[in-house]
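Hi everyone, thanks for coming. Let me put the model up on the screen, and then we'll walk through some of its sheets and charged pairs together.

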Amino acid sequence: MNLIISHICCMFLSVIPLVETTGTSEFVLFLGRFHPLILHLPIGGLLLVFYFDIVGRIRKNYPETFIENGLGFSAFFAILACVLGYFLSLEGGYEENTTNIHMWTGIATAILITFLFLLKRSTLESLKKLFFPLFVSTIILISITGHYGSTLTHGDDFITQYSPLKTKKNKPQVIDSLHYFSDVIYPILEAKCIQCHNATKQKGELSLISEVMILKGGKNGKLIEKGNALNSHIIERILLPLEDEKHMPPTGKNQISTDELWLLEHWINNGADFNVKALAYQENDTLINLLENYVEKDVEIIAEASIAALNDVVNSGFLVYRIAIDKPQLSAKFVRDSITTDAIKSLKGIAEQLVELELNNTTLTDDMTKGLKELKRLEKLRLDNTKISNTTLNHLVNLKKLKVLNVHHTEIDNEGITTIVEEIAPDDIYVWNTQVDKKYAKQLMKSSSTIIHHGVFEGFAEIKALKSPTLITEQTIFSDSLMITFNNPLRKAKLYYTIDGTDPDSTSIRYTAPIKITNSIKLKALLYQDEWLPSPIMEEDFFKIKYKIKDFDMVHQPSAKYPGAQKVFDFIKGSSVFSDGNWTGYEGDNLITTINFDEPKVIQNVSVSCLRDAGSWILFPKKIEVYTKNENTAFQKIVEMDYDATNEEEAKEISKKNFSLKIPQTNAKYIKIVVHNAGKLPDWHQGAGKAPWLFVDEILIQ
């Protein structure tokens, strides 16, 4: 180890004059790019060794060999990091004083680590007394080195940028007070450019921290040409293809948006003045709309709906989901046929969050809708194909935020629609197949901003689709046989179904009586009716249990928040609400279970039931694997299933899914099932990079 470190030191000392006298080759610059990778090795190694040094002293069990080898490892890579760091500095673009401090503290750190390594190998007791205080000094010095390194890379306010103690500048309250450069242009540069062009890191010899530095430009000349944005160097670089190495910001960094580019070009084309207000130039709608993003807005903070309130709404027959993953606003849709007054009253518990509500195609009456007056945040309301009249519209007059109201196929008339238009003035009202007179509606629109839709138009077909059929049968797991019963379809709708997993159509089996099943099936069903679009396909898995699991092991126990490993074998299915008590939750961990049978069993299928609620950081698994073995044999993988757990489009809705893995007929005494957590939340998620939850309610063996 001594010989290796000595050779590295010689290489470091000999390469400096070589580079200075002969110039910088591309290969040297290439090597320099490995500095950020290598520098973490001595840091991690040194801290790990320091930890074991402290623990060993406390426990009186000092790991001498480990400490010595760990210091040798850290010394080797500290010296290598110094060499590569020097190569990286030859690229230029870094503030000289900060670079020098970082370089010399780094070299000093490498020397101290090497000295610690030599002290640990020394047999002199007098020198060994210096070991611990010198170790503490090295930890302090490597922290200082790291601080100046982060300053070079990210700017001098990198650590304090989001500090709660840092005074934050408030945005102006109105557009008229916006200064074009300081309030609009500089925040764009600060967010997208200044990380690489600041006081301590000046790529291309360019700094963007002040008017003087921006006008000075960099090694490629002036940055902006006042009055001509397209000839300005900053705009030229932004407009280059993303794959071009000269494109700015570089690939992987936050890019300039279309709106930000428009503002930059507009500012430059209008003289690039650093002192005038944004509206000093000729006003236009685009400018005013974009400037809205740079003023302080009154943001109403809405609390998340309570779990108890959500459970109450779901149990009353509603499907509830978030409008956006990271927002508390909710949308609710009644999914049963027979609605009640109590179901409407249950919505009061989520009145603060509810902005969209669908009560269409139900048995809703005027007497039931009194509770709607409590839903003051509603923006979209569907009451079509119900038994309501003008009386219900009188219940809505205080819903001042209502923008869209759908009442087609109801008993409302001219009087009712006039009340809504005068009291609320929604953006759109749909009234076809009602008693609202077309001529009267046209006249009413002349004195209002409301658009009254009196017929089928482009995009309206979705409103005429039947809703999916619903089941009365709630049980989906059975041991012998099961009768499956549907709710009676509304009006003259006909229900067709399949039990082989294929999509049904009007040539499939028509439902006329309860369906008896004796085996596991995938049931799919839909509704047809003349002059309506077919309903979406409803599907449900019914699973015939073959083996009740009594003896099993879990590698990782579920989180203490959602405990009970035995729940995955209790034959009780969970609802769409993750906190209903029937789900087990794993935060970041995989579910790994080994099932032990008394004797070898014939295995044909394994089913794993999971939940997805991306807004609550719950994703489906990315992979499921099944292994089997018998006595005196090793586990062998017999089947696996991959799944795109981070698909943004699919993750918008809360849903349950049965992952069914068909297995070539196998005799096994032991079965190991591995349900892989999705790993990390994807970039589109508000918790990107953090560990998601895996929720499983049932594992079934057939």
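Let's start with an open sheet of seven strands, with mixed pairing and the order β1-β2-β3-β4-β5-β6-β7. Strands here are DSSP runs of E with at least two residues, helices are DSSP runs of H or I with at least four residues, and both are numbered from the N terminus. Two strands count as paired if DSSP finds at least two bridges between them. Before I go on: this is a predicted model, so local features need pLDDT of at least 70 and side-chain atom pairs count only at pLDDT 80 or more, while totals for chains, interfaces and linings use all residues. Residues are numbered from 1 along each chain as its sequence is written, and side-chain values use heavy atoms, with hydrogens and water left out.

Back to our seven strands. Which strands stand at the edges? They are β1 and β7 (451–453); each has a single partner strand, so one side of each is left without a neighbour in the sheet. From one strand to the next, the twist averages 15 degrees. Axes, by the way, are lines fitted to C-alpha atoms, for helices over the stretch in contact, and angles run from 0 to 180 degrees between N-to-C directions.

Further into this sheet, β2 (residues 330–334) and β3 (residues 354–358) run parallel and are joined by four bridges. If you'd like a residue to click on, Ser-331 stands opposite Glu-356 in β3. There is a helix to look at as well: α17 (residues 414–423) lies across β5 (404–406), β6 (428–430) and β7, and runs at about 165 degrees to β6. Contact here means heavy atoms within 4.5 Å.

Now for the second sheet. This one is open too, with five strands in the order β8-β14-β13-β10-β11 and mixed pairing. Its edge strands, β8 (477–478) and β11 (509–510), each pair on one side only. Strand β10 (residues 494–498) runs antiparallel to β11, and two bridges join them. Tyr-496 has Arg-510 in β11 as its bridge partner. Also in β10 is Leu-495. Is Leu-495 buried or exposed? Leu-495 counts as buried, because its relative accessibility is 2%. The cut-offs are under 20% relative accessible area for buried, over 50% for exposed, and partly exposed in between, with a 1.4 Å probe and protein chains only. Leu-495 lies 8.6 Å from Ser-506, C-alpha to C-alpha, with the two eleven residues apart in sequence.

Next, a hairpin. Strands β18 and β19 form it, with six residues between them, and Asn-632 in the turn has a positive phi of about 65 degrees. The two strands pair in the antiparallel sense over six bridges. Glu-625 has Glu-640 in β19 as its bridge partner.

Glu-625 also brings us to charges, since its side chain meets that of Lys-637 in a salt bridge (3.0 Å, N to O). By salt bridge I mean a side-chain nitrogen of Lys or Arg within 4 Å of a carboxyl oxygen of Asp or Glu. Glu-625 sits in β18 (residues 623–629) and Lys-637 in β19 (residues 636–642), twelve residues apart. Glu-625 counts as buried at 7% relative accessibility, whereas Lys-637 counts as partly exposed at 42%.

How many salt bridges does a search of the whole structure find? The search finds 16. One of them joins the side chains of Glu-68 and Arg-121 (2.8 Å, N to O). That pair links distant parts of the chain, with Glu-68 in helix α5 (residues 64–89) and Arg-121 in helix α6 (residues 96–121), 53 residues apart. Glu-68 is buried at 19% relative accessibility, and Arg-121 is partly exposed at 42%. There is also a network of salt bridges, linking Lys-522, Glu-539 and Asp-541.

Another one for your notes is Arg-322 with Glu-304, whose side chains meet in a salt bridge (3.3 Å, N to O). Arg-322 belongs to strand β1 (residues 318–322), and Glu-304 to the loop between α13 (285–291) and α14 (307–315). Both count as partly exposed, Arg-322 at 21% relative accessibility and Glu-304 at 48%. With β1, we're back at an edge of the seven-stranded sheet.
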